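Please examine the structure shown below together with its sequence. The paragraphs that follow lead from an enclosed space to the surface and then to a single side chain.

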Amino acid sequence: MTLLRRVGATTFVRRDLPAALTPWIVARLIVAAALVVTRYGVNQVGKRPQPVALHQGLFAWDAAFYRSIATGGYSGLSRNALRFFPLVPLLTRALGAVLLNHEGVALIVVVNVSALVFGALLHRLAMIETGDTSLARRAAWFAAVFPPFAALVLGYADATALALAAGLFLALRTRRFEVAAALGVLAGLCRPVGVLLVAPALIEAARGWSAAGRRERVAPAIGLGLFLSYAGIAFGDGVAPLTVQNQANLRGRAEWPTTSVLHGLRDLVHADRVGPGAHVLWAIGFAALLVVVARRFPLSYSLYAGVTLVLGLSAHNLDSFERYCAGALPFLLAVAVVTQHPDAERAGMVLAGAGLFGYALLSFLGVYVP
């Protein structure tokens, strides 16, 4: 409530939420269309067995784990499930109790409401930073239809993590450090990369040092520490939520970002390996956007985006790389900046919508990891 009073609750409800609502609806229609087309193609045209992801629908890939954790906790699952942090399952469990233990429905509600809030908060953040209503409108659109954001419709934690990150940036930039601390702890409990929000928190706290305490500067790390402590007590391995990602079928071993880029460039020249190599094209695009962020927005934005990009490229397996980087909201603001010209805006929206449909379709076919 403190944050809403600072931003303006009336403005948020009357301007920011409506600005985010239309793109939010469009994104869900696109993903739903991809699901329908994929099922029709597999069942009626191809006459093939349904891929597991297509059978799971909105609970495909990581979403199945989040639903299982919400239903029965971590105890009934393997140690690998610890890579899924507890905030979204906890919210799902709480809402599921209201919905007569329908945790699946609750998960989809939590995720999609979070996505709407994220779009509205990013719209407000863009207005605060630039005062440009057109840029803020584009930011709200890209917050919904950016190609990797099928995960914001599925039962993933990304939408909630993005909403928390946007709220934290708003709180930091409006000098509401007590709100930033609370949101930082929740972000650290939401996803492993939530701890990266320590970087912008340190920068903004340094600018308002007298008003910011130690907890505000390290709050995301506190949230991470809470879950690591739980893992240590329950599973005897306090770093398991981080280390399980190093398995070959997940992120794999850590590498220098240059090594990952070179491997990707090599993949691009092999016709049978274009898929993995395409991640490098995204990396080049995000690197270009990072330059835009550095030139247009405060240091805290470029530091957060830069750390996210480097971390994403440090994995041996670049699956989901696009989603990880898109989760750094400064990149979305940069996309809104570079599509300022009307022709660029139209092209950007069409490409984003087509990309969202394509990525969702490939995800339901089980050939792309969202």
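In this predicted model, the largest cavity has a volume of about 40 Å³. A search of the whole structure finds 1 cavity of 30 Å³ or more. As a general principle, rolling a probe the size of a water molecule over the atoms reveals where empty space remains.

Which residues line the largest cavity? The lining consists of Trp24, Ala27, Arg28, Ala115, Ala143, Ala144, Phe149, Leu152 and Val153. By character, these lining residues divide into 8 nonpolar, no polar and 1 charged. Helix α2 and helix α7 (133-145) each supply at least two residues of the lining. The most is given by α2, with 3 residues.

Helix α2 also leads the reader to the surface. This helix spans residues 9-45, and Leu21 is found in it. Together with Ile25 and Leu29, Leu21 makes a nonpolar surface patch of about 260 Å². Is Leu21 buried, partly exposed or exposed? Leu21 has a relative accessible area of 37%, and it is therefore classed as partly exposed, because that class lies between the limits of 20% for buried and 50% for exposed.

A contrasting topic is the burial of Tyr156. This residue is placed in the loop between α7 and α8 (158-173). Tyr156 has a relative accessible area of 1%; it counts as buried because buried means under 20%. How far apart are Tyr156 and Trp61 in sequence and in space? Tyr156 and Trp61 are separated by 95 residues in sequence, while their C-alpha atoms are 8.8 Å apart in space.

Notes
Residues numbered from 1 in each chain as written. Predicted model: local features only at pLDDT ≥ 70, side-chain atom pairs only at ≥ 80, totals over all residues. Heavy atoms only, no water. Patch = residues over 30% accessible without salt bridge, like charges linked within 9 Å, V, L, I, M, F, W, Y side chains within 5 Å. Areas by Shrake-Rupley, 256 points an atom, 1.4 Å probe, with all protein chains shown as cover. Salt bridge = Lys/Arg side-chain N within 4 Å of Asp/Glu carboxyl O. Helix = DSSP H or I, 4+ residues; strand = E, 2+ residues; numbered from the N terminus. Buried < 20%, exposed > 50% of the residue type's maximum accessible area, 1.4 Å probe, protein only. 1 Å grid on protein atoms, 1.4 Å probe; cavity = no way out; pocket = protein on both sides within 12 Å on 5 of 7 lines; lining within 4 Å. Points joined across faces, edges and corners; volume = space filled by probe spheres on them. Nonpolar A, V, L, I, M, F, W, Y, C, P; charged D, E, K, R; others polar.
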